[in-house]
Amino acid sequence: ATIALALASGLASAQLATIYGSGTVIGNGNAGFGGEIGNGSLMIETLADGTVNLTLNLGPDFTADQAGIYIDSIAGGVNDTIGLTDSADPGRGILTGGAGVSDLGFASGFDADFGITFDAAFSGLCGLTPADPNNLDFIAAVGTDGARDGNDAFWTARFNLSQIGLSAGDSFDFFLTYGNSSNFRSGEFIGAAPDQNTYANGANIGNAFFQLGDNDFVRVNTIPAPAAAALLGLGGLAAARRRR
């Protein structure tokens with residue numbers, strides 16, 4: 001089912017949302033870069049084989065900048081980007097805050113393990129806890145729509161839960177940020193709604209450190225694998241018999 005989040009209504013306070021299986025998360029309404037992310041959305045579809053399909057629906061005035069998705073899926077991870085410096089390409093730069101892009105502090109309890117880059121040329125999945133903070137752990141290319149253009153209505157990516165340390169039926173948390181190769185982070189987010197008073201009228205963050213609110217992420221409960229679902233069904237039947 002598609003969910004309509006309070007994020008879309010321009011509320012000043014952050015809201016935690018939960019996706020069950022599949023859903024769409026609306027941008028936070030900010031338009032410092034023209035609204036391409038703040039007025040866009042991210043559709044997430046999870047399948048029983050562990051596949052996760054992502055569709056980034058772009059708002060108006062897209063200028064082929066960089067979006068980055070942070071994922072908290074396993075124990076450990078980082079609670080901010082301060083120690084990460086990889087800026088080998090603009091996509092990595094937006095994830096790490098490298099090359100002068102604003103560093104981010106994450107919500108309490110959100111410790112990012114992986115990141116996905118989205119730009120006009122590429123989508124890649126990286127580990128965010130590398131032995132060398134100047135070199136993110138590249139895992140796989142995850143773009144599925146070939147050559148992209150800044151005028152495209154949407155971009156897509158696909159990964160498997162096994163690539164982020166999970167199995168079908170597990171859950172993970174995420175949010176999406178946005179910036180450009182000129183070392184500037186936008187105030188446009190998907191899955192996070194920072195206090196709009198921090199940057200009046202949804203203005204950009206720039207290259208200063210920014211602390212996200214404690215509920216600034218979305219939880220995704222993925223679809224269980226068929227065998228697991230069957231076992232759950234049997235367990236429920238057994239429980240019903242015991243209650244009788």
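Let's start at Arg92, which is buried, with a relative accessible area of 14%. This is a predicted model, and Arg92 is a handy way into it. The side chain of Arg92 meets that of Asp86 in a salt bridge, 2.6 Å from N to O. Asp86 has a relative accessibility of 1%, so Asp86 counts as buried too. Arg92 also forms a salt bridge with Asp89, and here the closest N and O atoms are 3.4 Å apart. Asp89 is partly exposed, because its relative accessible area is 31% and the buried class stops under 20%.

How many salt bridges does a search of the whole structure find? The search comes up with three. Besides the two at Arg92, there is one where the side chains of Asp173 and Arg219 meet, at 2.7 Å from N to O. That pair ties together distant parts of the chain: Asp173 sits in strand E11 (residues 171–180) and Arg219 in strand E14 (residues 218–221), 46 residues apart. Asp173 is buried, at 7% relative accessible area, while Arg219 is partly exposed, at 35%. Back at the other site, shared partners join Asp86, Asp89 and Arg92 into one network of salt bridges.

Now for an arginine that does things another way. Arg185 is found in strand E12 (residues 184–185). Arg185 is buried, yet it has no salt bridge. Why not? The nearest side chain of opposite charge belongs to Asp103 and is 5.8 Å away, whereas a salt bridge needs the nitrogen and oxygen within 4 Å, so Asp103 doesn't qualify. What does lie by the side chain of Arg185 is the backbone oxygen of Ser102, 2.4 Å from one of its polar atoms. Setting aside neighbours within four places in sequence, the contacts of Arg185 include Tyr70, Ile94, Val101, Leu104, Tyr178, Asn204 and Ile205.

Tyr70 leads on to the aromatic residues. Together with Phe106, Phe110, Phe175, Phe189, Phe210 and Phe217, Tyr70 forms one aromatic cluster. The count of aromatic pairs comes to 12. One of them is Phe106 with Phe110: the ring centres are 5.6 Å apart and the planes lie at 75 degrees, so this pair is edge-to-face. Both Phe106 and Phe110 are buried.

One step back along the chain from Tyr70 is Ile69, in strand E5 (residues 66–72). Is Ile69 buried or exposed? Its relative accessibility is 2%, so Ile69 counts as buried. Not counting residues up to four places away in sequence, Ile69 touches Leu42, Leu54, Leu95, Phe114, Gly115, Ile116, Phe118, Phe174, Phe175 and Leu176. Phe175, a member of the aromatic cluster, is thus also one of the residues touching Ile69. If you want a distance to check, the C-alpha atoms of Ile69 and Ile94 are separated by 9.4 Å, with their positions 25 residues apart along the chain.

Zooming out, the protein chain has two helices and 14 strands. Of its 244 residues, 48% count as buried. Among contacts between residues at least 6 apart in sequence, 64% join residues at least 24 apart; the bridge between Asp173 and Arg219 spans 46 residues. As for the surface, the protein chain exposes about 10100 Å², and carbon and sulfur atoms supply 52% of that.

Methods. Residues numbered from 1 in each chain as written. Predicted model: local features only at pLDDT ≥ 70, side-chain atom pairs only at ≥ 80, totals over all residues. Heavy atoms only, no water. Helix = DSSP H or I, 4+ residues; strand = E, 2+ residues; numbered from the N terminus. Buried < 20%, exposed > 50% of the residue type's maximum accessible area, 1.4 Å probe, protein only. Lys, Arg positive; Asp, Glu negative; His and termini not counted. Polar contact = N/O pair within 3.5 Å; in protein donor to acceptor, adjacent residues only side chain to side chain. Contact = heavy atoms within 4.5 Å. Phe/Tyr/Trp six-rings, centres within 6.5 Å; stacked < 30°, edge-to-face > 60°. Areas by Shrake-Rupley, 256 points an atom, 1.4 Å probe, with all protein chains shown as cover.
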